[in-house]
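Here is a friendly tour of the charged and aromatic side chains in one protein model. Please have a look at the structure before reading on.

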Amino acid sequence: PIWSECAFVRKTSLMPPKKSGGKKGGKKGAKKSGADSVEDELKESLERSNLRIEALERDLFAKKEQTRQAIRTQNELRDRVVEYHHDFARINAERADVTTDMTRQFKVMQEELISRNNALEGQIETLKDELEFLKSSHEKAMADKDRELAEKDKEIGELNRKMEDMTLEFSDMLKQTLDRMTQRIADAGADWDTDQMMGADRLSEFGLGPIDV
């Protein structure tokens with residue numbers, strides 16, 4: 001692992017170099033060359049580790065920055081979600097108010113409509129009753145009128161028959177009267193002639209005539 005390698009390199013670099021002792025000569029030079037080689041490898045490894053650590057630190061800084069940006073974005077999203085919830089609650093409240101108001105208005109309009117409908121039905125029933133009464137009154141009036149006309153026609157017929165009977169009776173009476181008057185006139189004419197002859201005879205006795213009288 002990376003962190004284990006870095007810890008080993010740092011621990012190795014902090015350890016003091018071992019003192020050389022004992023025999024001198026070729027073995028001493030060979031050991032020194034081997035130590036230099038190990039030290040060089042350690043230095044290179046340390047440099048690589050440092051470079052890798054720096055790279056990891058940069059990556060860590062970038063990750064931290066990304067994390068902070070993500071946190072900021074998350075906070076902004078959380079605030080927006082909260083705001084959306086508030087807006088949603090406000091819209092629901094307004095919608096509830098509008099729905100309540102519309103429901104109230106609908107109930108009021110429905111009650112008014114029912115009231116007007118009942119009033120119109122009452123007026124219709126009243127008009128029907130009045131129409132039936134007028135129809136019945138008209139039929140009764142027409143029946144009374146027809147009955148009166150029939151009675152008038154009957155009376156007129158009776159009067160016409162009476163007038164015809166009276167005319168015939170009057171004609172008979174007139175004829176009888178004329179006949180009696182004619183007979184009386186005839187009788188009166190005969191009596192006149194007789195009286196005139198008697199008067200002429202008496203005048204002649206006195207020596208007078210009708211002209212002298």
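The report below covers salt bridges, their surroundings and aromatic contacts.

This is a predicted model. A search of the whole structure finds eight salt bridges. Three of them are set out here.

| Salt bridge | Closest N to O distance |
|---|---|
| Arg68 and Glu65 | 2.5 Å |
| Arg90 and Glu94 | 3.2 Å |
| Asp144 and Arg147 | 2.6 Å |

Let us take these pairs in turn, starting with Arg68 and Glu65. Both sit in helix 2, which spans residues 26–206, and a spacing of three residues puts about one helical turn between them. Arg68 is partly exposed, with 35% relative accessibility, and Glu65 is also partly exposed, at 33%. This pair does not stand alone: bridges with shared partners link Glu65, Arg68 and Arg72 into one network.

Arg68 has an aromatic contact as well. Its charged end lies over the ring of Phe61, at 5.9 Å from the ring centre. As for contacts between rings, the structure contains zero aromatic pairs.

The second pair, Arg90 and Glu94, belongs to helix 2 too, with four residues from one to the other, or about one helical turn. Arg90 has a relative accessible area of 42%, so it counts as partly exposed. Glu94 is likewise partly exposed, at 41%.

Asp144 and Arg147 complete the table. These two residues of helix 2 are three residues apart, again about one turn of the helix. Arg147 is partly exposed, with a relative accessible area of 44%.

Note on methods:
Residues numbered from 1 in each chain as written. Predicted model: local features only at pLDDT ≥ 70, side-chain atom pairs only at ≥ 80, totals over all residues. Heavy atoms only, no water. Phe/Tyr/Trp six-rings, centres within 6.5 Å; stacked < 30°, edge-to-face > 60°. Lys NZ or Arg CZ within 6 Å of the ring centre and 35° of its normal. Salt bridge = Lys/Arg side-chain N within 4 Å of Asp/Glu carboxyl O. Buried < 20%, exposed > 50% of the residue type's maximum accessible area, 1.4 Å probe, protein only.
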